[in-house]
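Me: Please give me a close look at the ligand site. Start with the domain layout for orientation, and state the cut-offs as you go.

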Amino acid sequence: MRAALGGPHEEGGKHISGGEHLSSKADMQVKAVELIDKAFSHTQGEPTFFQMTIDKVEEHLQAIKPLSVSTIDATDAAQGRKLARSLLADHGISDEVIKKAMNLLESSNDNRGALIINAKTGERLDERKEKGVRVSHLYWEKENFEQWCKQKELVVNQRMKEALTLATKVCSHPLTIAELCWSDDPDYITGYVASAAKGYQRITKVKEYGDEAGGRLFFVNDDQSIDSYIHYLEKIPVSIGTEENYEL
Ligand code: PML
Ligand code: MG
Ligand code: MG
Ligand code: MG
């Protein structure tokens, strides 16, 4: 689903909301209504353009455990960005590459998908221009997520659920070194650095309210072709969750 104000995105409409579900056929209608509700109750306003597509998924579903979550408090956006830089540096990414990549995010408010960055050179590897790569075919059952939050003593947060689901899929691919994200939503200032090595590291403040620049960067190894990487991100169905029985 994607929704915009003032016409379709490709005709200059302003992005309001996006989302997707991966569901059984039996749940399809309920999930479709949830996406309509999401688009039409957004703090960014009511969209004038709304589009939803339904695709049949035939690939084998992969099950993945969620990344562990930690939260670091930042007093202001400057300190939050500094923290983000140091968390990325923990993955062996150089200051120069981090600076180059962060400039892309700081000046970007119209990337609908992620930018794929060579972790050694800082060059962008996808050729999707402002469209970016949209990670798709992923889900985490609401009940399982909520029980997991309870067990981990985390506040249930829908934004975090969506971002953590995505980050878990992205970071489970061996080409991903780390992901950096903060929202382009001017009302949401928490961001994160995520990786298989360090988990999902939230930073409470990485931008000031009102700032519309944001998006996602995936720092990757350049030792394989990224075509199969992009195929995994876009098309391979992934279910996030734990097998633990929380009732016991
Ligand atoms: C969180 O952990 O609170 C989510 C941070 C990133 C949100 C990205 C988005 O919703 O656009
Ligand atoms: Mg969105
Ligand atoms: Mg925007
Ligand atoms: Mg958004």
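Reply: An automatic or database assignment splits the protein into domain 1 (2-51) and domain 2 (62-240). This is a predicted model, where local features need pLDDT of at least 70, side-chain atom pairs count only at pLDDT 80 or more, and totals for chains, interfaces and linings use all residues. Residues are numbered from 1 along each chain as its sequence is written, chains are lettered from A and ligands numbered from 1 in the order written, and side-chain values use heavy atoms, with hydrogens and water left out.

Now the site. Ligand 1 is surrounded by Asn-157, Arg-159, Met-160, Ala-163, Cys-181, Ser-183, Tyr-188, Thr-190, Tyr-192, Tyr-200 and Arg-202, each with a heavy atom within 4 Å of the ligand. By type, this shell holds 6 nonpolar, 3 polar and 2 charged residues; Tyr and Cys are counted as nonpolar, and Arg as charged.

Polar contacts are pairs of N or O atoms within 3.5 Å. The side chain of Ser-183 places an N or O atom 3.0 Å from a ligand 1 oxygen. For Tyr-188 the corresponding distance to an oxygen of ligand 1 is 2.6 Å, and a polar side-chain atom of Arg-202 also lies 2.6 Å from a ligand oxygen. Of the 340 Å² of accessible area that ligand 1 has on its own, the protein covers 90% (Shrake-Rupley, 1.4 Å probe).

Helix H5 (158-171) and strand E10 (199-203) are the elements giving two or more residues to the shell; they are DSSP runs numbered from the N terminus, of at least four residues for helices (H or I) and at least two for strands (E). H5 supplies the largest share, 3 residues.

Key:
Polar contact = N/O pair within 3.5 Å; in protein donor to acceptor, adjacent residues only side chain to side chain.
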